[in-house]
Amino acid sequence: MKLSKVLYESVEEIWKSYLCHPFVKQLGEGTLSPDIFRYYMIQDYLYLLEYSKVFALGVVKSKQEKLMRKFASMVHNTLNGEMNIHKIYMERLGISEQEVSEAQQSLANRSYTSYMLEVAYNGDALGILVAILSCAWSYQVIGEHHVNIPNALQHPLYGEWVKGYSSEEYRKDTEELIALTDELGKDISQNRIEELKTVFIHCSRYEYAFWDMSYKKEM
């Protein structure tokens, strides 16, 4: 069985719970309070700054040029692609650069990114791929689920979010991460698989905590 399938099966129920969470559910239905979404966008922007550092450590820990290039491209795509989309949203929501620069990561946000950075500092390229895959893959699952909700793509505020995470481009990027994970995870020991499952489960639980934190606007 491929490593990605083992990882997915270990968190399938956790990921299903995302779709029932009020933040995720209301975003898809278009009923989420803009004020809650505003808070989420600021926290997610701060998250992506730390997420990019995890990718950067992937460059350091990689032994193959192909993998180095992939991690480097993820740093670039996050800082100059995904975060630019956030900046457009933040402009629409009246979030100034000063507000973002003065904002602090919530406890849940800081705990999540600190855990991923710990995995990256102490582990190898495969461990880093597993840590980042939970976020990337589960967002694809949510985006593709929301596409089937009537008028989700047409919503004036949330439609762009749904479109981005359900797009063909995003799907291909996620599939490439999955393929790299399976390539590096081929023929690893059962003990190593269990270690990686623990990382994947922890990151998936942190994802749920992030949705919860955002909905409650917790610091």
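This note goes through a predicted model, point by point, from the overall fold to individual residues.

1. Overall fold. The protein chain has 10 helices and 0 strands, and its elements, read from the N terminus, run α-α-α-α-α-α-α-α-α-α. The C-alpha atoms fill a box of roughly 50 × 35 × 30 Å along the principal axes. A compact globule with 219 residues would have a radius of gyration near 17 Å, and the 17 Å found for the protein chain therefore agrees with that expectation.

2. Burial and contacts across the chain. Of the 219 residues in the protein chain, 48% are buried. Among contacts with a separation of 6 or more, residues 24 or more positions apart account for 84%.

3. The nonpolar core. In soluble globular proteins, nonpolar side chains tend to be buried together. Here the largest nonpolar core has 70 residues, and Phe37 and Trp161 are those with the most contacts inside it. Helix α3, which covers residues 34–61, gives the most to this core, with 14 residues. Setting aside its neighbours within four places in sequence, Phe37 is in contact with Phe23, Leu27, Leu32, Tyr89, Leu93, Leu157, Tyr158 and Trp161, so that one can follow its surroundings residue by residue.

4. Helix α7. The 22 residues of α7 (residues 125–146) should span 32 Å at 1.5 Å a residue, and the end C-alpha atoms are indeed 32 Å apart, which agrees. The helix nevertheless bends by about 35° at Leu133. Because 19 of its 22 residues are buried, α7 is largely enclosed by the rest of the structure.

5. Helix α6. With 16 residues (107–122), α6 reaches 22 Å from its first C-alpha to its last, close to the 22 Å expected at 1.5 Å a residue. Its buried residues are Asn109, Tyr112, Thr113, Tyr115, Met116, Leu117, Val119 and Ala120, and these pack against α3, α7 and α10.

6. A buried serine in α10. Ser214 is found in helix α10, residues 190–216, and counts as buried because its relative accessibility is 0%. Not counting residues up to four places away in sequence, Ser214 touches Phe23, Ile36, Tyr39 and Tyr40; Phe23 is also one of the contacts listed for Phe37.

7. Cysteines. A disulfide is a covalent bond between the sulfur atoms of two cysteines. The structure holds 0 disulfides. The sulfur of Cys135 has its closest cysteine sulfur in Cys203, at 9.1 Å, which is too far for a bond, given that a disulfide is counted for sulfur atoms within 2.5 Å. Both residues are nevertheless buried: Cys135 has 7% relative accessibility, and Cys203 has 0%.

8. Positive phi values. Most residues other than glycine have a negative phi, and two residues here deserve a look on that account. Asn151 has a phi near 70°, a positive value in a residue other than glycine; Asn151 lies in the loop between α7 and α8 and is exposed, with a relative accessible area of 58%. Lys217, likewise not a glycine, has a positive phi of about 55°; Lys217 lies in the segment after α10 and is partly exposed, with a relative accessible area of 35%.

Conventions: Residues numbered from 1 in each chain as written. Predicted model: local features only at pLDDT ≥ 70, side-chain atom pairs only at ≥ 80, totals over all residues. Heavy atoms only, no water. Buried < 20%, exposed > 50% of the residue type's maximum accessible area, 1.4 Å probe, protein only. Helix = DSSP H or I, 4+ residues; strand = E, 2+ residues; numbered from the N terminus. Expected span 1.5 Å × (residues − 1). Bend = angle between axes of the 7 residues up to and from the residue. Core = buried A, V, L, I, M, F, W, Y, C linked by side-chain atoms within 4.5 Å. Contact = heavy atoms within 4.5 Å. Rg over C-alpha atoms; globule rule 2.2 N^0.38 Å.
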